[in-house]
Amino acid sequence: MILKDLPKHKGLRNQLVVIIEAKGIKDKNVLSAIKKIPRHVFMDSSFIDFAYQDKPFPIAAEQTISQPYTVAFQTELLKVKSGDKILEIGTGSGYQTAVLIELGAEVYSIERQKELYNLTKKFLPKVGYVPKKLMFGDGYLGMPDAAPFDGILVTAGAPYVPKTLLGQLKIGGRLVIPVGEGSQIMTLFIRKGDTSFEKHEFGDFRFVPLLKNSNK
Ligand code: SAH
């Protein structure tokens with residue numbers, strides 16, 4: 001890992017933000033978080049030249065760091081306010097976690113791959129991003145001890161919408177989840193009452209699958 005953030009990297013980030021804005025992201029707080037966070041330090045140093053392309057990229061344990069546009073799109077849908085309690089499913093590299101922390105959220109995050117969980121747990125505080133809680137486990141189950149949440153963000157493709165996650169939202173809370181096998185439809189649920197939810201569907205995306213159970 002290269003932890004330095006050089007003017008060259010800042011310049012590349014500014015260009016990346018222009019691209020993401022042109023693709024339709026409007027939320028100024030989301031754009032400034034992406035402008036600020038050194039995405040290259042979340043990737044292996046040999047891939048540094050790819051860090052500021054608007055593309056997903058392989059990380060450890062056959063997983064990916066999501067495409068910056070996708071991170072921005074999901075975060076915008078979540079409408080994070082400072083102090084919000086957010087659950088992320090799929091910690092991965094911790095990049096999305098950092099974006100949420102930058103927006104002032106208290107972040108709880110679950111990762112099912114032990115190797116990634118260990119790496120990211122050590123790494124995030126080193127770059128100044130301290131989540132409220134990182135958990136090794138199965139995201140399908142959510143985090144009942146910490147629920148309810150203002151927002152839940154799923155960063156892997158879910159074959160169906162886990163009811164458990166809907167049940168861990170506050171009234172008014174938002175679940176952002178890519179749903180489908182192969183490719184996914186970005187879906188937003190807003191909790192209106194105990195058993196009532198509003199559902200909105202957005203475009204097609206492609207994620208690594210949300211797998212059952214944890215993997216030691
Ligand atoms: N937010 C990450 C994206 C990583 S890709 C980032 O910004 O880098 C999706 C992640 O979800 C992978 O790390 C994968 O291991 C994890 N994942 C898959 N199924 C899961 C599950 N059931 N529970 C928790 N995490 C899961």
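A nitrogen atom of the ligand sits 3.4 Å from a polar backbone atom of Arg 112, and that contact is a good place to enter this predicted model. Right beside Arg 112 in the sequence is Glu 111, and here the side chain does the work: one of its N or O atoms is 2.6 Å from an oxygen atom of the ligand. Gln 96 brings its backbone instead, with an N or O atom 3.3 Å from a ligand oxygen. On its own the ligand would expose 580 Å², and the protein buries 99% of that area.

Now step back and look at the surroundings. The ligand occupies the space of the largest pocket. Its shell has 27 residues, of which Gly 90, Ser 93, Glu 111, Gly 139 and Leu 211 come nearest. By type, the shell divides into eleven nonpolar, twelve polar and four charged residues. If you want to trace it by secondary structure, follow β2 (64-65), β3 (85-89), α4 (95-102) and β4 (106-111), since each of these supplies at least two shell residues.

Let us stay with α4 for a moment. How many of its eight residues are buried? Seven of the eight are, so this helix is mostly covered. The buried set consists of Tyr 95, Gln 96, Thr 97, Ala 98, Val 99, Leu 100 and Ile 101. You have already met Gln 96, whose backbone reaches a ligand oxygen at 3.3 Å. In general, an α-helix has 3.6 residues a turn, so residues three or four places apart point the same way. In α4, the buried residues follow one another from Tyr 95 to Ile 101. Just after the helix, Gly 104 takes a positive phi of about 95 degrees.

From here, move along to the loop between β5 (133-136) and β6 (149-154), where Gly 142 is found. Is Gly 142 buried or exposed? Its relative accessibility is 2%, and because anything under 20% counts as buried, Gly 142 belongs in that class. In space it pairs up with a residue from another part of the chain: its C-alpha is 7.9 Å from that of Leu 87, although 55 residues separate them in sequence. This loop also holds Pro 148, which is joined to Ala 147 by a cis peptide bond with omega at about 5 degrees. For context, most residues other than glycine have a negative phi, and most peptide bonds are trans.

Lys 79 is worth a look on the phi side of that rule. Its phi is near 50 degrees, a positive value in a residue other than glycine. You will find Lys 79 in the loop between α3 (68-78) and β3, where it is exposed with a relative accessible area of 52%.

Another loop, the one between α2 (28-36) and β1 (57-58), gives us two neighbours in sequence to set side by side. Asp 54 lies there, and so does Lys 55. Asp 54 is buried, because its relative accessible area of 12% falls under the 20% limit. Lys 55, at 46%, counts as partly exposed. What does the side chain of Asp 54 come up against? One of its polar atoms is 2.9 Å from the backbone nitrogen of Tyr 69. As for Lys 55, its C-alpha is separated by 17 Å from that of Val 30, which is 25 residues away along the chain.

Two more residues round off the tour. Ala 158 lies in the loop between β6 and α6 (163-167) and is buried, with a relative accessible area of 0%. The C-alpha of Ala 158 is 8.0 Å from that of Leu 211, with their positions 53 residues apart along the chain. Leu 211 may ring a bell, being among the shell residues that come nearest to the ligand.

Asp 204, by contrast, belongs to strand β9 (residues 197-205). It counts as exposed, because its 60% relative accessibility is over the 50% cut-off. Its C-alpha and that of Gly 180 are 9.5 Å apart in space, while the two residues are 24 apart in sequence.

Note on methods: Residues numbered from 1 in each chain as written. Predicted model: local features only at pLDDT ≥ 70, side-chain atom pairs only at ≥ 80, totals over all residues. Heavy atoms only, no water. Near = heavy atom within 4 Å. Polar contact = N/O pair within 3.5 Å; in protein donor to acceptor, adjacent residues only side chain to side chain. Areas by Shrake-Rupley, 256 points an atom, 1.4 Å probe, with all protein chains shown as cover. 1 Å grid on protein atoms, 1.4 Å probe; cavity = no way out; pocket = protein on both sides within 12 Å on 5 of 7 lines; lining within 4 Å. Sits in = over half its atoms within 2 Å of the grid points. Helix = DSSP H or I, 4+ residues; strand = E, 2+ residues; numbered from the N terminus. Nonpolar A, V, L, I, M, F, W, Y, C, P; charged D, E, K, R; others polar. Buried < 20%, exposed > 50% of the residue type's maximum accessible area, 1.4 Å probe, protein only.
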